[in-house]
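Me: I have a structure open and don't know it yet. Can you walk me through it?

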Amino acid sequence: MAILRNDLVRLALFALVVLTMPVWLAPIGAAYPDLMQKIAIYGIFAIGFNILFGMTGYLSFGHAAFLGVGSYAAVWSFKLLTMSVIPAVLFAVVVAGLFAAVIGFVSLRRSGIYFSILTLAFAQMSYNLAYSVLTPITNGETGLQLALDDPRYLDAAFATAGPGIPPPNLFGEQLAGLSGFFFCAVLLILCFYLAMRIDRSPFGMMLKAIKSNQTRMAYTGFNTRPYTLAAFIISGMYAGLAGGLLAATDPLAGAERMQWTASGEVVLMTILGGVGTLVGPVVGAGVIKYFENIFSAFHEAKLHEAFSFLPDGLENLLVTATAPFVGEGWHLTLGVVFMLIVIFLPGGLMEGVRRIRGAFTRRPAGQEERGRLAPAE
Amino acid sequence: MDQFVLQLLNGLDKGAAYALIALGLTLVFGTLGVVNFAHGALFMIGAFCAVVFSRLLQLETVTVDPEKLTPWGSPMEIRTPLVQAWLGDFGAFLVEWSVPLSILFAIPVMLLIGIAMERGLIRFFYRRTHAEQILVTFGLAIVLQEIVKANFGANPIPVATPPALSGSADVGSWIGLGSIYYPWWRLIYLGFALVVVGMVVSFLRFTTYGMVVRAGMEDRQTVGFLGIDIQRRFTVVFAIAAVVAGVAGVMYTPIVPPNYNIGMDFLVLSFVVVVVGGMGSVSGAVLAGFLLGILQSFAAMNEIKNIIPGIDQVIIYLVAVVVLLTMPRGLLGRRGVMER
C-alpha cells in the first residue's frame, strides 16, 4: 500500500480508471457517452466545490450560479466567436472566475451558516434575474441556444459557412459521442491533478488551517481573507469550467442550472463521496449521476425481469417492495442513501473504503486518518 | 392610495406565511441548536393533512338510479358523501368547512410527526456540525417529499375554500376609503397567523413552562443542574414548531393548491427570513417575516418596477445581503448566538 502514497502513482491510477470508463462501466449498463460525460463534468464541479468546502470549510449553497454563468458564457462564445470549444471553455472559466471574485468578496465577510445564506441569496438572485430582467442575455425560460444567423465572427473570417448550425468542435474534430467524453475526461484528470497540487502546496495547507481554526490563524498574524477568496475563486472557476463543458457537449444553457437545488446536488455529491478527500467528490458525482440515469430508467417490468430467477411469490414481493424506489421515485432512493451516509458514515464513501481497508490491515481506522483535520478544541 | 393598501395587505399576507414557518425554524434553532432543513417538509405535510381530511370527508356512495336519466341517456349516478348521508345537514357543513376543521386533524398528526422526528433523528445531531445537520435534514425532506409524491402524485391538488368565505371583503369601506376588495380567506389567514404567533409568544413569555424553556435557551447547563429535564421540554418545543408549520400549511391550501414541492419553495425564503431576523430570535423572525413580505409585494408594484427593473425578483435576497453585512446578528439576534 505504500506505493499508493506516491502522488504520481495515484494520478496515473486515477487517469487509468477515468479513461477506461467505457470498458468497466459496460457491464453495469452505464457505458454510453452521454452519462460518462455527465460523470466527468460533474466530477470537475465536485472537485472544485471540495476545494472550498472540503479544504477551506466554507459551505457554499449557491455554487450552481457559477455553473450557470459558465454555461451562458460558453454559449455566447459559440454564438459570437467560433464553434471551437477551446475559447468557449476558457471564456467560461474566466467569466465564472470574475463572477466568483465579486460574490466571494462580499460573502466571505461572514462565515458559517451566514456565509451559506449569503451565497444562496446571490445564487437565487442570479437565477431570478436570469429568468426575468436578463432575458436579452439568457433568453429566459427557453434557454440560450444557437441559431442559424449567429455572427460567429472568427469562423466567418476563416471559412465559409456550411449548411445548418455547425456542432461544437475541437480543432475540426466534432465533439460528439465518445470523443466528447474523452475531452471531458482529459480535463477531469487535469483538474484532479491541479486539485492535488493545491492540496499538497503550502497554500493548501493554509486552507486546511483555516478550516481547522480560523481564529488561531488570525492570532498568529495571518490575514485569512486573501486565502479564502482565492479558494472561492478557484472553486468558482472549476464550476465555470464544468458549466462550459456542459454547454460544449450540448450547446444549450438554461437558468434552471443555477437553481438552489442544483447547488444542493453538488453538496450531496461531495458529501456522498467524502468531504476533504481528493477522489471522493468524483466518486460521489459518478454514483449520483449513475443512480439518476439508471435508477430513473427502471420500471416494474424491468424489476420483474431482474428478480425473475426467484420463485413467483418472492418475486412479486420484492418487486412491490422495490418499485417505489426506482423510476419516478429514484429521488427517494437518493434521499434515503444520503441520510444513511450522513448518519453512519459522515466521511462519505471514501471513509467506508478506508474502514474496510483498516479492517484488513488490522490497524485501527483512526491511524488511517492521515491528512484529515479535526477541529482542535 | 388604493394600490398602496392593497399591496400592504398582500405583503402582510405573504409575511404571515413567512413568519409562521420562520417562527418554528428559529425556535428549533434557539432551543436545540439544530438547523432544520426539513421544516419546509413539515409545512407540506400540514397542507396534505388538509387534503387527506377533505378526501376522507368526501368519501361517497355512488348509487345508480334507473328512473332518472342524464341528458346523455345513461342512468343517472347519484353521489352522496357518506358524512352527509349519516349526519344530514351537519355532514354537509363538515364537508364545506373541511379546511378549517382539518386543523383539528392536523394538530395531533403534526405533534406525533414532530416528536418522532426529534426523537428518531434530530437528537443524534445535536453535537454534529451545522453542515451535517443541514445535510441530514435535507435528505429527510427529500424522503418525505417523495413519499407524498408517490401517494398523491406530482400535480397540485386544489382544496376548496369554505363557500361562505370564498368571496372578497370590501376592505376599503372599513377604513373610509373607496372600494378595495380583498379575498376573505387571505384576511382570515392573516388573522390566523397573528393568533398563532401570539399564542406561541405568550406561551414562551407568560407560562412557567415557557420561562424554563427560555432559561434553557440562555444557559442549558445551569437549567439542567437545577434538576429540570430540559431535553424533554426542547422536544416539546420541536413538536410545537412542527404543529405551527403544519397548521400554517393547512390554512394555506385554499390560497395555493399544494403539491409535494410546496415546502421547498417556502424553505429557502424562510431561512433567509430567520437569518435576517437573527438566528434563534422569535420576535426577530416574526418581524423579518412581515418586513420582507411587505417589501416584496411593494417591489412588485409597476411604479417601482419601472424605476428599477427586476427588483421584485431579488428584493428579499438583496435585503438579506445588506442586513447580514451591516448587522452581523441580524435584526434582533441575541448576543453570543452564532456571532461569527
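Reply: Below are short answers on confidence, one chain, the contact between chains, and a few details.

Me: What ipTM and pTM does the predictor give the complex?

Reply: This is a predicted model. The predictor gives the complex an ipTM of 0.78 and a pTM of 0.83.

Me: And the mean pLDDT of chain B, what is that?

Reply: The mean is 84, and 97% of the residues of chain B reach 70 or more.

Me: Where in chain B is confidence lowest, and where highest?

Reply: Confidence is lowest in strand S2 (residues 75–81) of chain B, with a mean of 70. The highest value, 92, belongs to helix H11 (residues 230–252) of chain B.

Me: How many helices and strands does chain B have?

Reply: Chain B has 15 helices and four strands. Its radius of gyration is 22 Å, close to the 20 Å that the globule rule gives for 340 residues, so chain B is as compact as a globular protein of that length. Along its principal axes, the C-alpha trace of chain B spans about 75 × 55 × 35 Å.

Me: How much of chain B counts as buried?

Reply: Of its 340 residues, 46% count as buried. Of the contacts in chain B between residues at least 6 apart in sequence, 75% join residues at least 24 apart.

Me: Now the contact between the chains. How many residues does it take from each?

Reply: The contact takes 34 residues from chain A and 29 residues from chain B. On the chain B side, H6, helix H12 (262–277) and helix H15 (311–326) each give two or more residues. H6(B) gives the most, with 12 residues. By class, that side of chain B has 22 nonpolar, four polar and three charged residues.

Me: Switching to chain A. What covers the buried residues of H17(A)?

Reply: The cover includes helix H13 (260–273), helix H14 (280–295) and helix H18 (348–360) of chain A, together with helix H6 (130–152) of chain B. Among the buried residues of H17(A) are A:Trp330, A:Phe338 and A:Ile341.

Me: What span should that helix have?

Reply: At 1.5 Å a residue, the 15 residues of helix H17 (residues 330–344) of chain A should span 21 Å, and the end C-alpha atoms are 21 Å apart, which agrees.

Me: One last residue, A:Ile233. Buried or exposed?

Reply: A:Ile233 is buried, because 22 other C-beta atoms lie within 10 Å. A:Ile233 lies in helix H12 (residues 225–249) of chain A.

Me: What does A:Ile233 touch, not counting residues up to four places away in sequence?

Reply: A:Ile233 touches A:Gly97, A:Ala100, A:Ala101 and A:Gly104.

Terms used:
Residues are numbered from 1 along each chain as its sequence is written. Chains are lettered from A and ligands numbered from 1 in the order in which they are written. This is a predicted model: local features need pLDDT of at least 70, side-chain atom pairs count only at pLDDT 80 or more; totals for chains, interfaces and linings use all residues. The expected span of a helix is 1.5 Å times one less than its number of residues. A residue is buried if 20 or more other C-beta atoms lie within 10 Å of its own, exposed if 12 or fewer, and partly exposed in between; C-beta atoms are placed from the backbone. Two residues are in contact if their C-beta atoms, placed from the backbone, lie within 7 Å. The radius of gyration is taken over C-alpha atoms; the globule rule is 2.2 Å times the number of residues to the power 0.38. pLDDT is the predictor's confidence in each residue, from 0 to 100. Ala, Val, Leu, Ile, Met, Phe, Trp, Tyr, Cys and Pro count as nonpolar, Asp, Glu, Lys and Arg as charged, and the others, Gly among them, as polar.
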